[in-house]
Amino acid sequence: MNQLQQLADRIISRVNVNLDEFGFDTEPFVTHALDHEKMLRFYAFYGITSHHPIYFHFKNSNIAGSYFLGKCYVGRSAIYKSDIRGDELKRKGDKIRSTKDIPLVEDEMITIRDSLLYKTLVHSNSHNPESPEEFGIRNTISSHYANIHGSTLEGCFLGPFATVDLMNLHSCIVGDFSYIQVGELFHRKIEPGTIWIRNQHFEFKFKYDTTALDYFVGVNDAFQPRGIMYDFVKNREADYERLFEVMNLEPVEAPFTSAVNRYAVIQGDTHIGENVLVAQRAFLENAEMGEGSNAQENTYIINSHLAGMCITAHGGKIIHADVGQGCFVGFNAFLNGKETARIQLGEGCIVMPHTIMDPEEPIHIAGDHLIWGLIRTQADVKTHAISLDDLAEVRDSLTIGKMTFNGKGSVFIETFKNRLQNILLLNGALYNNGEKRGHAQDDQNISFNIIQPYRTGELEGLYPSIRIKP
């Protein structure tokens, strides 16, 4: 265990140096989060397909229970039950847009150094023009169920259920349940429950009331997550544990154009349509997945019906809901419907990342609406939703309740819809007659290389240094 403790201490010291100006100490979180016995017990695995470049190099690290795909390097890091999904990394010859096009001279790689990622998802690719061939995470600690989506980090701490999206962060603290997509941040502390999207054309901002948010997501005296959202996830972890205890499972019945990952939980009366992607660590129970829909990592779809072309982004949770055609449910959104208080979303709705719907009565939202914040009654919809047509008319600024929007609403909607169309394309929802393949088609025949740590000796707790090359 000495090696694991030394590894944790080194990571703590490196992150703390970067966050010294905030007087922030990561040691209490790490000490209470890491269970060294569990880090010896779980194996890791590296996925191989004919559609993704193969390169996996790690050393002086523990990667217990984690999943890797694509080109990855891990050094002096602890990656616990995390998904490092490199299936959208850029390829040699691709070009990124900055002041002018920058061509890549080699395939992009995810590089994680001197960092602790705890039950975290890493996905997409670097949006940092300074390192187009490297999606880098350095001197960073990320806590339970955070999303690092297309974001490079240096010297940062991410709280539980936080999301950083398509940006670059340097010496920043991102609070619990915050969603940030603002291009680049230096030496900033983001308060819990902040939803902030900004570019040169618009800015969307909302912040949860601290007392209201604490019921759903917070941290306890040991700096570990608490609240009903965490309880919801924690209570279902045992179902995932069983998947890792068995090497061979009968495949889930699905159309040949769809993919259900071997490490997804499928229960009850669940139906999978054509061109559907169900990613690892997704949880489906009594769910209907319409044609072209997807359930991404750490999503939960329970007693719910999703019509065609619906996107459930990383960490989204949909319970007792009917979701119309072409809807988007954003990162870590919590649609916590009840049997007697069902949620109904009309076609084309956009549920903003980190939205919470916890209804006390049935709630219906008409089609083509943008939805955000905390909704518990039908009356709450008036101050937490706007029709896309009305938003498109905004030219300057808009305030609804605690939400503020500045800029051109039409550009915001166009940007969002273009991104959703690209997600559908990448996930294989538009696959037809051999054209427009995506993850749903490319991930059908993944083989898994199982990797285990040293269990005794002076290297106990570390994984053997391995380098897999094509």
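**Exercise 1.** Which residues form a negative surface patch? Place E393 and classify its exposure.

*Solution.*
- Step 1. The model is predicted. Its negative surface patch consists of E347, D368, D389, D390 and E393.
- Step 2. Locate E393: it sits in the loop between helix 7 (388-392) and strand 46 (397-400).
- Step 3. Exposed means over 50% relative accessible area. E393 has 57% relative accessibility, so E393 counts as exposed.

**Exercise 2.** Find the pairing partners of strand 1 and give the sense of each pairing.

*Solution.*
- Step 1. Strand 1 covers residues 44-48, and four of its five residues are buried.
- Step 2. Take strand 48 (residues 447-451). Five bridges tie strand 48 to strand 1 in the antiparallel sense. Within this pairing, A44 has I451 as its bridge partner.
- Step 3. Take strand 3 (residues 67-69). Strand 3 pairs with strand 1 in the parallel sense, over three bridges. Here G47 is matched with L69.

**Exercise 3.** Trace the open sheet of six strands and name its edges.

*Solution.*
- Step 1. Write down the order: 5-10-13-16-19-22, with parallel pairing.
- Step 2. Read off the edge strands. They are strand 5 (78-80) and strand 22 (189-190), each pairing on one side only.
- Step 3. Check the end at strand 22. Two bridges join strand 22 to strand 19 (residues 173-174), and the two strands run parallel. One bridge partner of this kind is K189 in strand 22, for I173.

**Exercise 4.** Examine three of the salt bridges: R76 with D114, K119 with E237, and R138 with E134.

*Solution.*
- Step 1. Start with the total: the structure holds 15 salt bridges.
- Step 2. R76 and D114 meet at 2.8 Å, N to O. The pair links distant parts of the chain, 38 residues apart. R76 lies in the loop between strand 4 (71-75) and strand 5, and D114 in the loop between strand 9 (109-113) and strand 10 (116-118).
- Step 3. Classify both ends. Buried means under 20% relative accessible area. D114 is at 4%, so D114 counts as buried. R76 is at 28% and therefore counts as partly exposed.
- Step 4. K119 and E237 have their closest N and O atoms 2.6 Å apart. They are 118 residues apart in the chain: K119 is in the loop between strand 10 and strand 11 (121-123), E237 in helix 6 (residues 237-245). Both K119 and E237 are buried.
- Step 5. R138 and E134 meet at 3.0 Å, N to O. R138 is partly exposed at 24%, and E134 is partly exposed at 23%.
- Step 6. Look for shared partners. Salt bridges of this kind join R14, R76 and D114 into one network.

Notes
Residues numbered from 1 in each chain as written. Predicted model: local features only at pLDDT ≥ 70, side-chain atom pairs only at ≥ 80, totals over all residues. Heavy atoms only, no water. Pairing = 2+ DSSP bridges. Patch = residues over 30% accessible without salt bridge, like charges linked within 9 Å, V, L, I, M, F, W, Y side chains within 5 Å. Areas by Shrake-Rupley, 256 points an atom, 1.4 Å probe, with all protein chains shown as cover. Salt bridge = Lys/Arg side-chain N within 4 Å of Asp/Glu carboxyl O. Lys, Arg positive; Asp, Glu negative; His and termini not counted. Charge placed at Lys NZ, Arg CZ, Asp CG, Glu CD. Buried < 20%, exposed > 50% of the residue type's maximum accessible area, 1.4 Å probe, protein only.
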